[in-house]
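Me: Please take a close look at the salt bridges in this model, and then carry on to how the strands and helices around them are arranged.

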Amino acid sequence: MEIPALYDIFRQHPVVTTDSRDCPEGSIFFALKGASFDGNAFAAKALEQGCSYAVVDEKEHAAPGDSRYILVDDCLKTLQLLARHHRRTLGTRIVGITGTNGKTTTKELLSAVLGERFNVLYTEGNFNNDIGVPKTLLRLKPEHEIAVVEMGASHPGDIKTLVDIVEPDCGLITNVGRAHLQGFGSFEGVIKTKGELYDYLRAHRGTAFINGGDEHLMGISQGLDLIKYGLEGTGDATVTGEVTACDPYLAFRWREAGGAWHDVRTHIIGSYNVYNMLAAACVGLHFGVTPGQASHALASYVPKNNRSELEQTAHNRLVIDAYNANPTSMAAAIDNFRTMKADRKMAILGDMGELGAVSAEEHQRVADSLKEAGFDEVWLVGAEFGRTDCPFRKFKDVGEVKQAITERQPEGYTILIKGSNSAKLFQLPALL
């Protein structure tokens, strides 16, 4: 079936699912394949569960004469092309966001800022890959005035694949750092892949919002229509700002070039988040959000999903950043925690994943920095940290940590919890 014909069906059934356990009445099931499953085998079940149509790419799973089965060459590619067709049909303005660290937080901040004036669609959770991005686009409705779409990558070419689906009008790379090195091959590979967003904007005369103080991003920005933001003193920036406090919540002030200062006290921890705040303000102003509206949105935002959260429990105060970790974000978190005012500090850090050949070196670098940080207690979790040369207490996995907490409940600490999602440290806050 050709995409226009499939789109006619989608307009009558504008909900898609890729999970046969979640089949809203009247939806369309796409039989995607994974490393250990074949969605084609679940097409019949999806129809029984309430789907009106099932898109399959294996003929033997399409019942002869049953028009509810739609046979295509490749289900994933069809999903992506359908999403792009829908995006083109609606013509919604789209801001594309990628970067090594902070892209999800920046996406949420920007959506809050734009939401002061517009009906905004934005990526839910971390649906930023080759499946999540098209599903986000297919949630677009005519009433949406603007969309903020997050795009993630772990291999060269990933961002190019996604921007060719999203076709953003403008975009933002938060930063580039040492993450997913096993997939990218090198830090230069990270820069090149994230820069595929710039390549698209350059070719289509789109606008790029950029941290003017980031030498890596500025180094690949030639030929782009740039709107800059950055710390106070960043040359020719539209929006500048500076941290005024971080005790522990971030407070900062910002202004348009030559304009009045706007003071904002946030509900987010980490001085490094000032860049995400400034980026959101800069994009918001470009789309006509007033400084007052932007400041209100930034001050009202409350983080979630184990990102830059502060939680007071009956026993301790927790700094929770357990969703993900890489050498760049780990260094920033440790540095911020080091400067935080607290009587007793404890760090529980989990392995950083997907670092390939440099994993041992990067984990040792973190361990060395912890020796200098002067925290009262440090627990390291996982096989990679287990191989480091350091004096800290080590645990094979989160299960051993949970057992240790049961045997000796830490009391009266401010505790930093950070690691890759695979370390499962998100299980710890409820116990601390």
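Reply: What follows goes through the charged pairs one at a time and then turns to a sheet and its helices.

The model is a predicted one, and side-chain atom pairs are counted in it only at pLDDT 80 or more. With that in mind, a search of the whole structure finds 22 salt bridges. One of them joins the side chains of Lys33 and Glu58, with a separation of 3.5 Å from N to O. Lys33 belongs to the loop between strand S2 (28-30) and helix H2 (43-49), while Glu58 belongs to the loop between strand S3 (53-56) and strand S4 (69-71), so this pair ties together parts that are 25 residues apart in sequence. As for solvent, Lys33 has 45% relative accessibility and therefore counts as partly exposed, whereas Glu58, at 18% relative accessibility, counts as buried, because buried means under 20% relative accessible area.

A second pair is formed by Glu232 and Arg255, whose closest N and O atoms are 2.5 Å apart. Here too distant parts of the chain are linked, since Glu232 sits in the loop between strand S10 (225-231) and strand S11 (239-246) and Arg255 in strand S12 (residues 249-256), 23 residues apart. Glu232 is partly exposed, its relative accessible area being 33%.

A third pair consists of Asp247 and Arg265, with 3.5 Å between the closest N and O atoms. Asp247 lies in the loop between S11 and S12, and Arg265 lies in strand S13 (residues 262-269), so the salt bridge ties together parts that are 18 residues apart in sequence. Asp247 counts as partly exposed at 42% relative accessibility, while Arg265, with a relative accessible area of 53%, is exposed. Returning to the pair described at the start, Lys33 and Glu58 are joined with Asp57 into one network by salt bridges that share partners.

Turning from side chains to the backbone, six strands make up an open sheet in the order S14-S15-S19-S16-S17-S18, and the pairing in this sheet is mixed. Its edge strands are strand S14 (309-312) and strand S18 (393-395), each of which pairs on one side only. On average, and with direction ignored, neighbouring strands of the sheet are turned by 20° against each other. Within the sheet, strand S16 (residues 345-350) and strand S19 (residues 414-418) pair in the parallel sense over five bridges, and the bridge partner of Ile348 in S19 is Ile417.

Helices are placed against this sheet as well. Helix H13 (residues 327-339) lies across strand S15 (317-321), S16 and S19, and runs at about 175° to S19. Helix H16 (residues 398-407) packs on the sheet by touching strand S17 (377-381) and S18, with its direction at about 145° to that of S17.

A helix pair completes this account. The axes of helix H8 (residues 187-194) and helix H9 (residues 196-203) come within 4 Å and cross at roughly 30°, and H8 and H9 are therefore roughly parallel to each other, because angles under 35 degrees count as roughly parallel. Lys192, Thr193 and Lys194 of H8 make the contact with Glu196, Leu197 and Tyr198 of H9. By residue class, this contact of H8 with H9 divides into two nonpolar, one polar and three charged residues.

Terms used:
Residues are numbered from 1 along each chain as its sequence is written. This is a predicted model: local features need pLDDT of at least 70, side-chain atom pairs count only at pLDDT 80 or more; totals for chains, interfaces and linings use all residues. Side-chain values use heavy atoms; hydrogens and water are left out. A salt bridge is a side-chain nitrogen of Lys or Arg within 4 Å of a carboxyl oxygen of Asp or Glu. Helices (H or I, at least four residues) and strands (E, at least two) are DSSP runs, numbered from the N terminus. Buried means under 20% relative accessible area, exposed over 50%, partly exposed in between (1.4 Å probe, protein chains only). Two strands pair if DSSP finds at least two bridges between them. Axes are lines fitted to C-alpha atoms, for helices over the stretch in contact, and angles run from 0 to 180 degrees between N-to-C directions. Contact means heavy atoms within 4.5 Å. Angles under 35 degrees count as roughly parallel, over 145 as roughly antiparallel, 65 to 115 as roughly perpendicular and the rest as oblique. Ala, Val, Leu, Ile, Met, Phe, Trp, Tyr, Cys and Pro count as nonpolar, Asp, Glu, Lys and Arg as charged, and the others, Gly among them, as polar.
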